[in-house]
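Subject: The model we talked about

Hi,

Here is the structure I promised to pass on. Have a look at it first, and then read my notes underneath.

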Amino acid sequence: VRMEKEPETTRLENGSLLQFYMERKTPTKISKTAVIKSQLRKSCSCTRERMKKTVMDFFPVLQWLPKYKCKEYIWGDVMSGLVIGIILVPQAIAYSLLAGLKPIYSLYTSFFANIIYFLMGTSRHVSVGIFSLLSLMVGQVVDRELLLAGFDPNDDPLEGSGGRGPLNVTVHNFTLGTMNMECGKECYAIGVAMALTFLAGVYQVLMGIFHLGFVSMYLSEPVLDGFATGASVAILTAQVKYLVGIKIPRAQGYGVLITTWVNIFRNISQANLCDVITSMICIAVLVTAKELGDRYKHKLKVPLPTELVVIVMATLVSHYGQLKERYGSSVSGEIPTGFIPPQVPSLSLMQRVAVDALPLAIVGFAFTVSLSEMFAKKYAYTVKANQEMFAIGFCNIIPAFFHCFTTSAALAKSLVKASTGCQTQVSSLVSAIVVLLVLLFFAPLFFSLQKCVLACIIIVSLRGALRKFKDIPQRYRLDKVDALVWSVTMLSSALISTEMGLLVGVAFSVLCIIGRTQRPHAALLGQIGNTVFYEDDEEYKNLLPVPKVKIFRFEAPLYYANKDFFLKCLHNKTGLDPAMEMVRRKKAKKKGQPSMEKGLGQGDTALSLVTKHRDIQAVIIDCSSIPFLDTAGVSTLKETFKDHAELKVKVFLACCNPGVIASLERGGYSASANKDMHELVFHSIHSAVQFVREGKTTADDSTV
């Protein structure tokens, strides 16, 4: 292997110079074809050991369940599973309002998601199930497709029939799997949700197959937080009509938030007094219980099942008080027991919702992977991000055949799960059993439950996301750009639409990154006392300027988009623009020509030029903050060297990383300067300064 020697000079404490060599290795070239063949050979090999490993990796439960420490783990898993199951039931029924579906489908979703993640998940603490943001996104697509199919999304068949008896509803022909069938609004709505969920799961599995997890890197914390807060505002707005008991059309398209509030105020006179009073009481009870729970959570072994208590009490009051019959209060209606036979999602509906499924897939896996990694870091174990994508993907694909809609990990339930002693995903199995009992036996008991109670549960559950508004001042103090990204994402998610808000947030975040590299910070450096260190003279006091040397630092990659800004900063900071200086010198020579003929002023002109030239002898560019160069960046440095050389001002580079040095070598930087690389590039700023100082005599002798 060819070794390249770069001499480096430094000064010892006694003042003598020490020269040593840094040897750079030339990377060994490996054939890409050979790498591909090796990977294919490894991937396509079929041995018993490989098949066993593949199955074990695909179903992590086969790895950890045989090692399950029953005496140590069982109590915590059972307790956390029971608590999450108790929380899941009221939340599942409530979130059905967001999805525009019947409560039974929410219970199906919670049941199947917990079972599948138990088998395929790698996180021990994540709770997978219905998530409010995804439920809202599903509901928006369901309502849109219902309108396009000729249904009224706001028409509840149960209202006209008392919840029982034959229904006179519109029917719609569509293909479900391999069958052509007719169905009403409810059937069509769940058909849309099934197709949407199936495609979202397929997208997530494809992301896992092609290792596209890097997409989540563009969903930064400000983007996710802003998206969650903006969507929470939209969720709250969608629930207000249930709180006050008015019937208004669910707005579609962009600007739903404003349209909904306009419709609410137009119809506020039709508010149902019974629903308003019930909502006020439920919100007061829920908020008080939540605040007390947060204040005394260190004393409570398990969180208070406030939602379940409120639902049970509200159902009893509604049933025995006959609130629907007497006051026209809207109720949940009949929730059947058991399971509906599985069906294949409609291919024709998949074609209609293919685009809508993509943001669902990205949001779902982003929240799942980020929460998995957060808990893994907190409790000191590892998760496989790629397997998490497979797990959440199949949590959508398989349940789509069983009348379920899109799921992901949920932060609130995951935190409760971890705080109640969860050790493994056995707790998910326990939660699924709780939901199964409700599905088989207790679901019909919630017939008289008012919808305004479910809306209260949804709104109170948004407390955490809505509290993010209080963090804006602190976020602004920490990073103004992050605060701006959060605000833009939140506003676009709330005012435009949730899907568009996510897209706007990601695009704006990327633009902010590009903007930071296009106009980065640049500084002139001074020496820290009698040391070998140099820092920004605008940020620190008592720095010593290096005589006749300007040290310039550019804190960004140097590429085509910021090369002009680099030159502008360099000229402004050093006070030397080679082009302008050459123009000034030419004008000075022209003005000096008549005085030469008269024999006067020639010496003064020459002295002025020499003095101006001697103000700056060298410019050192600190490249420690330049991670890479493109061809435009290399050309900019070459032009900088050439332009300054015409003024007999030397340009040196310091603290270049190996990638930058390699780019300079490929771009012929040293060849264009007719010098060796070790005379142009130094491993430290101080080495370059010493080189300039040692070369003073030569420079002075050569300049007249």
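Below is what I found in it, going from the whole chain down to single residues.

Before anything else: this is a predicted model. The protein chain runs to 704 residues, and buried ones make up 47% of them. It has 30 helices and 12 strands. If you take the contacts between residues at least 6 apart in sequence, 79% of them join residues at least 24 apart. About 35700 Å² of the chain is exposed, with carbon and sulfur atoms supplying 62% of that area.

Now the inside. In soluble globular proteins, nonpolar side chains tend to be buried together. Here, the largest nonpolar core has 122 residues, and the members that touch the most others are Leu101, Val128, Leu133, Val138 and Leu219. Helix H14 (residues 347-378) gives this core its largest share, 15 residues. What does Val138 touch, apart from its neighbours within four places in sequence? Its contacts there are Ala99, Ala193, Leu196, Leu360, Phe405 and Thr406. There is also a second, separate core of 33 residues, with Phe566, Val619, Ile621 and Cys656 among them.

A short helix-end story comes next. Helix H27 covers residues 658-666, and its buried residues are Val660, Ile661, Ala662, Ser663 and Leu664. At the start of H27, Asn657 puts a side-chain oxygen within 2.9 Å of the backbone nitrogen of Gly659. After H27 comes Gly668, with a positive phi near 70°.

On to charges. A search of the whole structure turns up 18 salt bridges, and three of them are worth opening in your viewer:

- Arg144 and Glu145 pair through their side chains at 2.8 Å, N to O. Glu145 counts as buried because its relative accessibility is 2%, under the 20% cut-off. Arg144, at 27%, counts as partly exposed. Both belong to a network of salt bridges that also takes in Arg352 and Asp356.
- Lys290 and Glu307 meet at 2.7 Å, N to O. This pair links distant parts of the chain, 17 residues apart: Lys290 sits in helix H11 (residues 273-295) and Glu307 in helix H12 (residues 306-321). Lys290 is partly exposed, with a relative accessible area of 23%, whereas Glu307 counts as buried at 7%.
- Arg584 and Glu581 meet at 2.6 Å, N to O. Both are in helix H24 (residues 578-598), 3 residues apart, which is about one turn of the helix. An α-helix has 3.6 residues a turn, so residues three or four places apart point the same way. Arg584 is partly exposed at 41% relative accessible area, while Glu581 counts as buried at 3%.

Last, the surface. Which residues form a nonpolar patch there? They are Phe339, Ile433, Leu437, Leu440, Phe441, Phe442 and Leu445, with about 690 Å² of accessible area together. Ile433 lies in helix H17 (residues 426-442). With a relative accessible area of 47%, Ile433 is partly exposed; that value is over the 30% a residue needs to join a patch, so Ile433 can be a member.

Cheers

Note on methods:
Residues are numbered from 1 along each chain as its sequence is written. This is a predicted model: local features need pLDDT of at least 70, side-chain atom pairs count only at pLDDT 80 or more; totals for chains, interfaces and linings use all residues. Side-chain values use heavy atoms; hydrogens and water are left out. Patches are made of residues with over 30% relative accessible area and no salt bridge: like charges are joined within 9 Å, nonpolar side chains (Val, Leu, Ile, Met, Phe, Trp, Tyr) within 5 Å. Accessible areas come from the Shrake-Rupley method with a 1.4 Å probe; for residues, only the protein chains shown count as cover. A salt bridge is a side-chain nitrogen of Lys or Arg within 4 Å of a carboxyl oxygen of Asp or Glu. Helices (H or I, at least four residues) and strands (E, at least two) are DSSP runs, numbered from the N terminus. Buried means under 20% relative accessible area, exposed over 50%, partly exposed in between (1.4 Å probe, protein chains only). A nonpolar core is a set of buried Ala, Val, Leu, Ile, Met, Phe, Trp, Tyr and Cys residues joined through side-chain atoms within 4.5 Å. Contact means heavy atoms within 4.5 Å. A polar contact is a pair of N or O atoms within 3.5 Å; within protein, one must be able to donate a hydrogen and the other to accept it, and residues adjacent in sequence count only if both atoms are side-chain atoms.
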